[in-house]
Each structure stands twice: as C-alpha cells, then as structure tokens.
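Take a slow look at the chain below, and turn it around a few times before you read on. We'll start with the whole thing and then stop at a few spots.

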Amino acid sequence: MMLQRRSLLARSRVAARPWVNLFSTSSAHEHDDVGHARFDAVEGYTRYPNHFPVSMTVKDFIAKYDDLPAKARLTDVPVSLAGRITSIRAASKKLIFLDINNDGHEVQVLAERKYYANADDADDKSFEHVHDSLRRGDIIGVHGFPGKSGKGELSIIPQNVSILSPCLAPFPNSKYGVKEIDIRFRQKYLDLLTNKDVIQYIRRYLEDRDFVEVETPILCTAAGGAAANPFTTTSRALHTDLFLRIAPELYLKQLVIGGLDRVFEIGKVFRNEGVDQSHNPEFTMCEFYQAYADYNTFMATAEDMLSDILFLVALCGSYTVEWNGRTIDFTPPFKRISILEGLEAALDEPLPAMDDPELVIKLVALCERRGVACPPPHTPARVLDCLIGEYLEPQCVNPTFLIHHPALLSPLAKAHRENPLVTERFELFVGGKELCNAYTELNDPDEQRERFAAQAQDRATGDSEAHTKDEAFCRALEYGLPPTAGFGIGIDRLVMLLAGMPHIREVILFPTMKPTQEP
C-alpha cells in the first residue's frame, strides 16, 4: 500500500498546479501614470486589441524548454506567450527583466535591445518606449524565442511586445499582501486562494470506483435533503414558488431507484442562514450514493479518501495538517463516539429515553441546569443539537465520527438494525467543525412519510429548518430503493483545512457579502 501511495504522490506532484500568489499585496500603485497616456509614445499602440495569437501556454513553454543550457538562444524557434506582469527589473536601458504569469505559471521575459524589432536601426526607440511604459499588472503579449539567462533561468527573449490590457487601477505590491479584509473578499481577483486539485482528486477517486457523475436540478419545487432554510423565488411561467436547492440528496436517490447504482454530484448548494467562519450561503458540496452499501462502508470510505487527500493532494507526505493553531492528524482509523453514550459520559448522568413523551421538557430542563444556551423553538432535534454542540463537537479535534444519531435528528436515515430509536448515521467532525454527513438511507416509503409528518409538527412549532414533506420522493420510494448509503462532504471546509485558512471566505472565489453603499 505504501508503494502505491508513493507512486500516486509522485504523479500528484507532477500534475499539481503551482499556484503563484500574485495578488497578495498592498494597495499602493508603483507609478503616477494615469490611464492610457503612458502609451502615447508607443508606436502602433492599439487600445484593447481583439486578439493575440498565443502559440503555447507558459506551462507548456516551461515543460518544453526548461532543459536548455545557460545562455542558450534559440533564435530560429518562434514562440508567442501572454500573461500579466508581476515584476519588472531594469539592468540597463538595453536589458530589462520582466516576469509574466499565465494561469498560475510564471516565466521570465529577458528583454535585450539587440534582439528587439528594428534593432539595427539606431534611431528606432520602440524598445525604450515599450519598456518605459510597462508597469506591474499590465497584461502583455510577447513574440520572441526561448532562451536562458547567464544564471540558467528559462526565459522568452522578446522581438516584439504588445500591450493587451493595461492595469489602470492600483496594483498591489507582492511583498506585503492585501491587508484590508473588505478588499480581499470583495475583490477576490486580488487575493486568489483556491485549490482545484481537491475536486479533481475526489472526482477521480469516485470515477475509479465506477461512480457516474450527474447533474440534478438547482431550482426545486420542494427544498429537501437537509435541515436548512432555503432561498425562495417565484416562477412567473409556472405560477408557483421554487427553491434553490439545499442539497441534491433526494434527486440522487431517485437515480439509484432508476438503476444507477453509484452516482455522485459536485455542485453548489444554497442555504438561507447565518454567515460565519465556516458558513457561507452558497457553497460547494459533493454527494455520492452507492447501492448495496451501508454507513459502515462509508466510514471506511471517509477514512481512505480523506487520509489520501492529506497525503497526496496537500503534497505534505504525511497525515497531519496545521489548522487554527492545532495539529490535526488524519491517520486512520478515526475515533468514533456514539452520540447518546457520549453525551451521558460528558454529562455524567443518564439522558431521558428518546421515546419519552416528556423528552423536550426534560432536555430543556437539563440545558437550563447546565447553562447550555438553547433558544426556542424547543423541538427534540434542536435541543439535542445544542447539547451535541456543547459537549461532543469540541472533543472532535482529530477526525472523529459522531455515530448513531437519534431518529428524531435524522428523518432521512434508516433506523439502526439493533436499536430503532437511533439511526445508522455518522457525521465526521474535524477541528470541532462538521466536514461529512452520511447514513444508510431510509428506503421504506411508509416510514418516510411518518418521519416527514413528525418534521411537519416541528415546523408548526416554529422550527423553520425542519424538513418539508416531499411526496414525489415518497412516491419514488414505492418503486423500490435498494439498500443504499449516501455521503455528503463540504468541499470548501475541506480546502480550508488543507490550506490552513481560518475563514471559509478565504477559499471561495466570490464569497457572499453585504453590498457596499457605493453609487
């Protein structure tokens, strides 16, 4: 197994995108020029040309010519590259060094006067005019040829430089970083922090196990699949309310009913609730479903997939990661805590039975006695959730499965085969935050209708996050859902862990924020 991990690690390092943090900087511009005026002396300058014929990407250029010897000049090999200028260093009036970045890859532009267009014409000032005009942040096109500097740095030696799109706004300085939080989150293109490798790995992991990727509706006639408030809109054509999906779960299970035994979807979900360090109203989720599997199957899957992500995608060669000042160890197997037994151990007293008619009264009294904040409405699910958040979640620093949720907390999960008052469900917590949720799926349509009815009672008492009844889903269950397990994981929270970021807005390109008051 270790040999396999090492080979995968080697491939991952080759394929990993070498993200360059271009835009982590101060907001001060390095020049006083305004608009396009600085290009007035550039002969043939065209404002915002429609096209530039790129012959290859910077990534491909590096891969093809990185083995050249120092001081090489392949003058008979024409190359055209484009990218954003990230630094400028003038050695003399006839030798200027630029760095350009394209799609996260950076290469040097070694501009020598003797190779530039019309270099033989002593009166031609195009080299000086172009390079005197360029500034960090400008997007340029470079026609030239491959070469290397005297120190052996791969470069493109330009014969002509085109200004494709000048940077007219203050461009940040790469030394200090964008310190203003509001700028960083509103102008994410100035602080690009993302990791596509995680999604690519999860997709490959599932496809290698014969899962089929699908797309399900984002606009739904019923918001189900999770305990959350939906965003609501109205269809003028259908004269009915529609909801942005809070989870793709119910659709994916209908596909399993239809004969797709292994399906998954990676996509956006939307929840009309609070915004904090680990919550954004729009976020990315991966859900997958496997027929003839159960929650035990997916606990093993979680351990295998997540430990491999840490080992391979994070390129750390270990199972540990630093996050929020803690060292988190993803070495499998992960710890397991049964919820009711865990609560009783933490409280050092027994809980009331889950079928006790006075369950809510007793749980609320317990919270008051222990000083646990639990605002109304007081439904069994909400009060239990408050106790879990107070006593169990803080124990879950290293990856920990909280298992066997009471049935009243899990309206879509199948009852445990040995105890019908709890379910075959787990939530994986890391660093005290939920990362995954999975369970053996409830596939009895009559019991599902009863669970939805209980949720309707909770909604009647004011719990707006309780599940709504979805009769179309219940009707689909009547055609037979095989024994099935389902799994959901928050991609943004996972990337937070891998990148060591304390806030979810750090890993979402365009986080949801309150509009500014600017005109």
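Let's count the building blocks: the chain has 13 helices and 18 strands. Here helices (H or I, at least four residues) and strands (E, at least two) are DSSP runs, numbered from the N terminus. Keep in mind that this is a predicted model, where local features need pLDDT of at least 70 and side-chain atom pairs count only at pLDDT 80 or more, while totals for chains, interfaces and linings use all residues. Residues are numbered from 1 along each chain as its sequence is written, and side-chain values use heavy atoms, leaving out hydrogens and water.

How much of the chain is buried? Of its 519 residues, 50% are buried, meaning under 20% relative accessible area (exposed is over 50%, partly exposed is in between, with a 1.4 Å probe and protein chains only). The chain exposes about 25100 Å², and carbon and sulfur atoms supply 51% of that; such areas come from the Shrake-Rupley method with a 1.4 Å probe, and for residues only the protein chains shown count as cover. Now for contacts, meaning heavy atoms within 4.5 Å. Among those between residues at least 6 apart in sequence, 67% join residues at least 24 apart.

Next, find E465, in the loop between α11 (445-460) and α12 (471-477). E465 counts as partly exposed because its relative accessibility is 27%. Follow the chain back to N272: the two are 193 residues apart in sequence, yet their C-alpha atoms are 9.9 Å apart in space. Not counting residues up to four places away in sequence, E465 touches A226, A227, A228, N229, E273 and R459.

Then hop over to K253, which sits in helix α6 (residues 249-257). With a relative accessible area of 0%, K253 is buried. Leaving aside neighbours within four places in sequence, K253 is in contact with Y289, L412, E441, F473 and L481. The side chains of K253 and E249 also share a polar contact of 2.9 Å (a pair of N or O atoms within 3.5 Å; within protein, one must be able to donate a hydrogen and the other to accept it, and residues adjacent in sequence count only if both atoms are side-chain atoms).

Last stop, the cysteines. How many disulfides does the structure hold? Zero, where a disulfide is a pair of cysteine sulfur atoms within 2.5 Å. C436 is in none, and the nearest cysteine sulfur, that of C286, is 9.5 Å away. C436 is buried, at 0% relative accessibility.
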